[in-house]
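This briefing sets out selected features of one protein chain for readers at the bench. Please keep the sequence and the coordinates at hand while reading.

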Amino acid sequence: MITSAQIRAARAALRMSSQELAARSGIAQRTIKRLEAMDGVPASHVSTLVALKTALEAAGVEFVGSPDDRPGIRVLATSRS
């Protein structure tokens with residue numbers, strides 16, 4: 001699963017607003033902000049985290065590591081879909 005820090009980093013790397021991520025993922029903007037404010041793997045439904053991960057990957061981010069072992073991101077594309 002992904003961590004709150006990875007979600008924040010992915011959005012920042014893509015220069016994507018929480019509003020845009022909400023539109024791309026189908027997750028409410030206030031939920032995204034709440035999840036990003038947590039530490040570690042956010043307390044949420046797995047389906048919510050999968051939707052965020054899928055939307056960020058489609059925009060050009062690869063999630064690396066695991067929550068317990070060097071979690072991070074890698075930008076794969078310079079432009080978003």
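Which side chains meet in a salt bridge at 2.6 Å, N to O? They are the side chains of R11 and E36. The pair links distant parts of the chain, since R11 belongs to helix 1 and E36 to helix 3, 25 residues apart. The model is a predicted one, and the points below are grouped by topic.

**Salt bridges**

- The count of salt bridges comes to five, and three of them are described in this briefing, beginning with R11 and E36.
- Both partners of that pair are buried: R11 is, and E36 is as well.
- Another salt bridge joins the side chains of R74 and E62, with an N to O distance of 2.9 Å. R74 is in strand 2 and E62 in strand 1 (residues 61-66), so this pair ties together parts of the chain that are twelve residues apart in sequence.
- R74 has a relative accessibility of 42% and therefore counts as partly exposed. E62 has a relative accessibility of 30% and therefore also counts as partly exposed.
- The side chains of D69 and R70 form a salt bridge as well, at 3.6 Å from N to O. D69 is partly exposed because its relative accessible area is 41%, whereas R70 counts as exposed because its relative accessibility is 71%.

**Helix 3 and its buried side**

- Four residues of helix 3 are buried, namely T31, I32, L35 and E36. They cover an arc of only 130° around the axis, so they lie on the same side of helix 3.
- What do the buried residues of helix 3 pack against? Their packing partners are helix 1 (4-14), helix 2 and helix 4.
- E36 therefore appears in two settings: as one of the buried residues on that side of helix 3, and as the salt-bridge partner of R11.

**The surroundings of S25**

- S25 is situated in helix 2, which spans residues 18-25. Is S25 buried or exposed? S25 counts as buried because its relative accessibility is 13%, and the cut-off for buried is under 20%.
- The side chain of S25 reaches the backbone oxygen of L21 at 2.7 Å. A polar atom of the S25 side chain also lies 3.2 Å from the backbone nitrogen of I27.
- Leaving aside residues up to four places away in sequence, S25 touches I32, A51, L52 and A55. Of these contacts, I32 is among the buried residues of helix 3.
- How far apart are S25 and A55 in sequence and in space? They are separated by 30 residues in sequence, while their C-alpha atoms are 5.3 Å apart.

**A nonpolar surface patch**

- M1, V41, V46 and V50 make a nonpolar surface patch of about 330 Å².
- One of these residues, V41, is found in the loop between helix 3 (29-36) and helix 4 (46-58). V41 counts as partly exposed because its relative accessibility is 38%.

**Positive phi values outside glycine**

- R15 has a phi near 55°, a positive value in a residue other than glycine. R15 sits in the loop between helix 1 and helix 2, and it is exposed because its relative accessible area is 74%.
- R70 likewise has a positive phi, near 50°, and is a residue other than glycine. R70 belongs to strand 2 (residues 69-75) and is exposed, with a relative accessible area of 71%.
- R70 thus combines a positive phi with the salt bridge to D69 that is listed above.

Methods. Residues numbered from 1 in each chain as written. Predicted model: local features only at pLDDT ≥ 70, side-chain atom pairs only at ≥ 80, totals over all residues. Heavy atoms only, no water. Buried < 20%, exposed > 50% of the residue type's maximum accessible area, 1.4 Å probe, protein only. Polar contact = N/O pair within 3.5 Å; in protein donor to acceptor, adjacent residues only side chain to side chain. Contact = heavy atoms within 4.5 Å. Patch = residues over 30% accessible without salt bridge, like charges linked within 9 Å, V, L, I, M, F, W, Y side chains within 5 Å. Areas by Shrake-Rupley, 256 points an atom, 1.4 Å probe, with all protein chains shown as cover. Salt bridge = Lys/Arg side-chain N within 4 Å of Asp/Glu carboxyl O. Arc of directions from axis to C-beta.
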